[in-house]
Amino acid sequence: MATVKHKILVLSGKGGVGKSTFSAQLAFALAARDFQVGLLDIDICGPSIPKMLGLEGQEIHQSNLGWSPVYVESNLGVMSIGFMLPHPDEAVIWRGPRKNGLIKQFLKDVYWGELDFLIVDAPPGTSDEHISIVQCLDPNNVDGAIIVTTPQQVSLIDVKKEVNFCKKVGVKVLGVVENMSGLSQPISNLKFMKITDNGEMKDVTEWISEYMREKAPEMLNLIACSEVFDSSGGGASKMCKEMEVPFLGKVPLDPQLCKAAEEGRSCFADKNCVVSAPALQKIIDKLMETSGLSMTVSNGV
C-alpha cells in the first residue's frame, strides 16, 4: 500500500443499487486519463467485478513480489476472489474471520506497483468487510468514500447508516451518487407496444418508427425519460443536505450502460451510452475537482 497514492472506497447501504457498475466505470475512466489504477473487489460473497471488467475465467498468478493483479490494460489492474473460485457459480460460505483474513491478504500480498488510484469495491452494508478494510488501511490513509444509492426512500434509509458509519470510523465522505435516477434512452431505442382488445401486447415499434421518420423526424433525436423509483422525498440531493455531505450527481438508468457492464467494457469507449457516459464523466470531474485529487495527482503527491 505504500506505493498507492490515493485510496477510494465505493460503498452502498443496500445491494443492487449499481455500486459495482460505478466502481468499474470509475476505474475505466481514470485509466483512460492515463492514471495507474487498481480495482480491488472485497465483496467476498458476490464478486461481480471480474464480469464487469471482462475478466471472467482469469486466474491470479504468483510472483516473487506477491500476487499479481489481473490486468485489463497495462494501467488497470484488478484483484477479486472471483479469480480464485474453481467455478463461477461456486458459493463462498465463510464466516467473518476468514473474510477478514483474505482482505488482509489482498492488501498485504498483492503487488500493485506504483498506483495513482486504488478503487475498493465493498459489499453493501456496514459489516465485517468494511471494518476490516478501514482498520487495515487506517482512515488517515484513505482519501475517502463514495456512496452509491438509488432515489427512493427504502434505499436512502440505509445510505444514512452508511454515512454515519463513515463518520464514526473517521472516513471522509467524498460524495453521494444517485444511480438509476430515472430511465433515459434515445426515443429511437424504445420499443412500443399496444394493448389489444383481448388484453395481449402487440409490438407496434416498426409502425411508430416509420410514422416518426415520415411525419416528425426531429423526434428521433429526442431522449425519452421516465421515473422508475419514487423520488418524491427529494432523493439523494435532499439527503446530502440533511447529512451535510457532498452530492456528486445523478446517473440515469441507461440500458446501454447495463449492456456495457454485462459485456465487461467501458461505457466511454463507444457512442452507445449517450445518456449515462456524460453523466458519469461529469460526476468524476466533480469528484476530482472538489476532493483535490486532480491537483494532488498532477503535482505528483
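Tyr 111 sits in the loop that connects α3 (96-109) with β7 (115-121), and in this predicted model the residue offers a convenient place to begin. With a relative accessible area of 41%, Tyr 111 is partly exposed, since that class covers the range between under 20% for buried and over 50% for exposed. Once neighbours within four places in sequence are set aside, Tyr 111 is in contact with Leu 65, Trp 67 and Pro 69. The backbone tells of the same region, for the C-alpha atoms of Tyr 111 and Ser 68 are separated by 5.7 Å although their positions lie 43 residues apart along the chain.

From this loop one may step back to the chain as a whole, which has 10 helices and 14 strands. Its radius of gyration is 21 Å, close to the 19 Å that the globule rule gives for 301 residues, so the chain is as compact as a globular protein of that length. The C-alpha trace spans about 65 × 45 × 40 Å along its principal axes. Among contacts between residues at least 6 apart in sequence, 77% join residues at least 24 apart, and the pair of Tyr 111 and Ser 68, 43 residues apart, illustrates how C-alpha atoms distant in sequence can be separated by 5.7 Å.

Of the 301 residues, 49% count as buried. The largest nonpolar core has 83 residues, and those with the most contacts inside it are Leu 9 and Leu 53. Helix α1 (residues 19-32) provides the largest share of this core, namely 8 residues. Leaving aside neighbours within four places in sequence, Leu 53 is in contact with Ala 24, Phe 28, Leu 39, Val 72, Leu 76, Val 78 and Gly 264. As for the outer surface, the chain exposes about 15,000 Å², of which carbon and sulfur atoms supply 51%. The chain carries 29 positive and 36 negative charges, and the mean positions of these two sets are 5 Å apart.

Returning to α3, the helix that precedes the loop of Tyr 111, one finds Asn 100 within it. Asn 100 has a relative accessibility of 18% and therefore counts as buried, the cut-off being under 20%. Residues up to four places away in sequence not being counted, Asn 100 touches Asp 128, Glu 129 and Ser 132. These contacts lead to helix α4 (residues 128-137), whose buried residues are Glu 129, His 130, Ser 132, Ile 133, Val 134 and Leu 137; two of them, Glu 129 and Ser 132, are touched by Asn 100. The buried residues of α4 pack against β1 (4-12), α3, β7 and α5 (153-169).

What follows α4, and what is the sign of its phi? The helix is followed by Asp 138, whose phi is positive, near 75°, although this residue is not a glycine. Asp 138 belongs to the loop between α4 and β8 (144-149), and at 30% relative accessibility it counts as partly exposed. A positive phi in a residue other than glycine also occurs at Asp 34, where the value is near 70°. Asp 34 is placed in the loop between α1 and β2 (37-41), and with a relative accessible area of 66% it is exposed, whereas Asp 138 is partly exposed.

Note on methods
Residues numbered from 1 in each chain as written. Predicted model: local features only at pLDDT ≥ 70, side-chain atom pairs only at ≥ 80, totals over all residues. Heavy atoms only, no water. Helix = DSSP H or I, 4+ residues; strand = E, 2+ residues; numbered from the N terminus. Rg over C-alpha atoms; globule rule 2.2 N^0.38 Å. Buried < 20%, exposed > 50% of the residue type's maximum accessible area, 1.4 Å probe, protein only. Contact = heavy atoms within 4.5 Å. Areas by Shrake-Rupley, 256 points an atom, 1.4 Å probe, with all protein chains shown as cover. Lys, Arg positive; Asp, Glu negative; His and termini not counted. Charge placed at Lys NZ, Arg CZ, Asp CG, Glu CD. Core = buried A, V, L, I, M, F, W, Y, C linked by side-chain atoms within 4.5 Å.
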